[in-house]
Amino acid sequence: MSDEFIIKATVETPEVLFDPKKGILKLAGKSMPENSLGFYGALISQLDAYKQKPQATTYVTIAVDYFNSGSIKQIFKLLCIMEELVEMGKEVYIEWHYKKGDELMLSKGLEFSNFLDISIELKEV
Amino acid sequence: MDVTENYNLYLKFDEDLFLLVYMGEFNDNLTPIITGINSSTKFGEINSKKRLTYLITECFQNIVRHSAKKHNSDLISDVPEMFVFKAKENIQQVISTNAIREDYVTILRSKLESIHNLSAQELKNLYIEVIKNGQRTERGGAGLGLIDMARKSGMAPAYYFDHLGNGFSNFFFQVNIPDKNSTEVFPDHVISLDSAIELYKKMSGQRLLILQKGDFNQDLILQTISLFATNLNLKTEQVGRASKMIYILIEMLQNISRHAYVLRGLKEGMFYITELSDLHYRICTCNYISISKTEDVKSAIDKINMLDKIGLAKLYKHKLMENTGDEQIGAGIGLVEMRRNSIGQINYDIRNIDNEYNFLALQVDV
């Protein structure tokens, strides 16, 4: 199993931490790169590889504040991979963080929860 | 401002390769963002950037420190301050506008007149003299700021006092900074304050917050978002409204960056935000767009504008799940999200310019 996949946060991209050995994925910070596919592509490839031999339980935390629509689509894609893990009989816990009063981030979490057959815990921070 | 008025507004700034007009909150926290915007522009000689950063900082902080609004906001609440930075061919300009007490006008005018016709050497001598003697005014400055700005810009500053009544005047101050190697004699309409005064009168009536024109590269977009976000944070703690406005602003600015037609070697565009009422804003972007792309944009907006809330949600879900293969240039959900998160429709105006490109203005209320 591959090692941790880490990307440090910048003014336009979030911090990414993916530890396949522990089954942990975290995204935190701003996400508004001009080329969202370029930024998230490598992570999604890692998750596709992880899907072949996942841990019994995967823990996902999404704590993004400002974002663009391109990022939203890529985050949705990685949650689709989590949905596939559930379909494979694995456990997945997803925490979707939003700041108090941030209706937009809350609504995105609710939408994704409705669109996917997967449980997302919305957590006000 | 109606969406159809944007083309004429855009033409007014035709000579401006870069333009920032800021009429929001004035606070020291914003100074690094304003200077960051200068660093992100492609204009001006590289060795002039430092000089320009100094002049931008001085002018911006003059408003923060000396605006009479700070202590008299109840008397002049409807008199906004304005900061402008613009780059034209071979010259850049920094403009500040703020109210001052009427009794300070005479003192300030005489200070400005005293440096108006001085040569570079005379300005240097005066600068040294003031440093030595420390001619401090009751406002804490030694007059050094004005002298140093005149020295560093290379041209005498332009100024104008507009009587407001109620014991106040609006002070317009413009520093002209020609490129160091330029020998150009600039025409009056370029270096006079007339266009700044006209701009102020038009934009204060529109309750302008920010207007920016130029090449919208990603660095500049990030600085602009930061300026708007910091401004909102200074004004409100309502995270919900702020995040929605910022989301739409990011989409609209990145649309310019992705889709603007390249003219003069630039992906040039303009955007502005006006305040409609407390925490309700109008965001508008304008750019040229190739004729081949125009019909797709127009039909996408027309389709989105016809949908109700449920139809928009369905389209959004469909676009999220769709693999278009061209996601590096956008997810295809930007326009849907603009409509979903704004009040009313996406207004637009398309004008044909020639057989290669059109002018496109997009406008939403949030």
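This report walks through the cores, the chain contact and the salt bridges of a predicted two-chain model.

## The nonpolar cores

Let's start inside. The largest nonpolar core holds 116 residues, and the residues with the most contacts within it are L43(A), L78(A), F112(A) and F83(B). Helix α11 of chain B, spanning residues 239–259, is the top contributor to this core, giving 10 residues. As background, nonpolar side chains in soluble globular proteins tend to be buried together.

F112(A) is a good place to pause and look around. Setting aside neighbours within four places in sequence, F112(A) is in contact with I72(A), I75(A), F76(A), L79(A), W96(A) and I120(A) from chain A, and with Y316(B) and L320(B) from chain B. Besides the largest core there is a second, separate one of 36 residues, whose members include M1(B), Y10(B), F13(B) and F168(B).

## Where the chains meet

The contact between the two chains draws 31 residues from chain B and 27 residues from chain A. Together the chains bury about 2500 Å², with 59% of that area on carbon and sulfur atoms. Between chain B and chain A there are also 14 residue pairs in polar contact, counting pairs with both residues at pLDDT 80 or more.

Which helices of chain B supply at least two residues each to the side that touches chain A? They are α10 (218–235), α11, α13 (309–321) and α14 (334–340). The largest share, 11 residues, comes from α11(B). Sorted by character, the residues on this side of chain B divide into 12 nonpolar, 10 polar and nine charged.

## A charged network across the contact

Two salt bridges are counted between chain B and chain A. In one, the side chains of K108(A) and E337(B) meet at 2.4 Å, N to O. In another, R340(B) pairs with E111(A), the closest N and O atoms being 2.6 Å apart. The R340(B) pair runs from helix α14 of chain B to helix α3 of chain A, residues 103–115. A further salt bridge joins E337(B) to R340(B), with closest N and O atoms 3.0 Å apart. Taken together, K108(A), E111(A), E337(B) and R340(B) are linked in a network of salt bridges.

Why are E337(B) and R340(B) separated by about one helical turn? They are three residues apart in helix α14 of chain B, so about one turn lies between them. In general, an α-helix has 3.6 residues a turn, so residues three or four places apart point the same way.

## E337(B) and its surroundings

E337(B) lies in helix α14 of chain B. Is E337(B) buried or exposed? E337(B) counts as buried because its relative accessibility is 1%, where the cut-off for buried is under 20%. Leaving out neighbours within four places in sequence, E337(B) is in contact with S69(A), K108(A), Y247(B) and Y316(B). The side chains of E337(B) and Y247(B) are joined by a polar contact of 2.6 Å.

The partners in the other pair across the chains have their own settings. R340(B) counts as partly exposed, at 25% relative accessibility. E111(A), at 12% relative accessibility, counts as buried.

## A salt bridge within chain B

Over all chains, the count comes to 20 salt bridges. One of them lies within chain B, where the side chains of E15(B) and K88(B) meet at 3.9 Å, N to O. E15(B) sits in the loop between α1 (6–12) and β1 (18–22), and K88(B) in strand β2 (residues 82–88), so this pair ties together parts that are 73 residues apart in sequence.

The two residues of this pair get different labels: E15(B) counts as partly exposed at 42% relative accessibility, whereas K88(B) is buried, with a relative accessible area of 12%.

## An enclosed helix

Finally, a look at helix α2 of chain B, residues 31–40. Eight of its 10 residues are buried, so helix α2 is largely enclosed by the rest of the structure. Which residues of α2(B) are buried? They are T31(B), I33(B), I34(B), T35(B), G36(B), I37(B), N38(B) and S40(B).

Note on methods:
Residues numbered from 1 in each chain as written. Chains lettered and ligands numbered in written order. Predicted model: local features only at pLDDT ≥ 70, side-chain atom pairs only at ≥ 80, totals over all residues. Heavy atoms only, no water. Core = buried A, V, L, I, M, F, W, Y, C linked by side-chain atoms within 4.5 Å. Buried < 20%, exposed > 50% of the residue type's maximum accessible area, 1.4 Å probe, protein only. Helix = DSSP H or I, 4+ residues; strand = E, 2+ residues; numbered from the N terminus. Contact = heavy atoms within 4.5 Å. Buried area = accessible area lost by both parts, 1.4 Å probe. Salt bridge = Lys/Arg side-chain N within 4 Å of Asp/Glu carboxyl O. Polar contact = N/O pair within 3.5 Å; in protein donor to acceptor, adjacent residues only side chain to side chain. Nonpolar A, V, L, I, M, F, W, Y, C, P; charged D, E, K, R; others polar.
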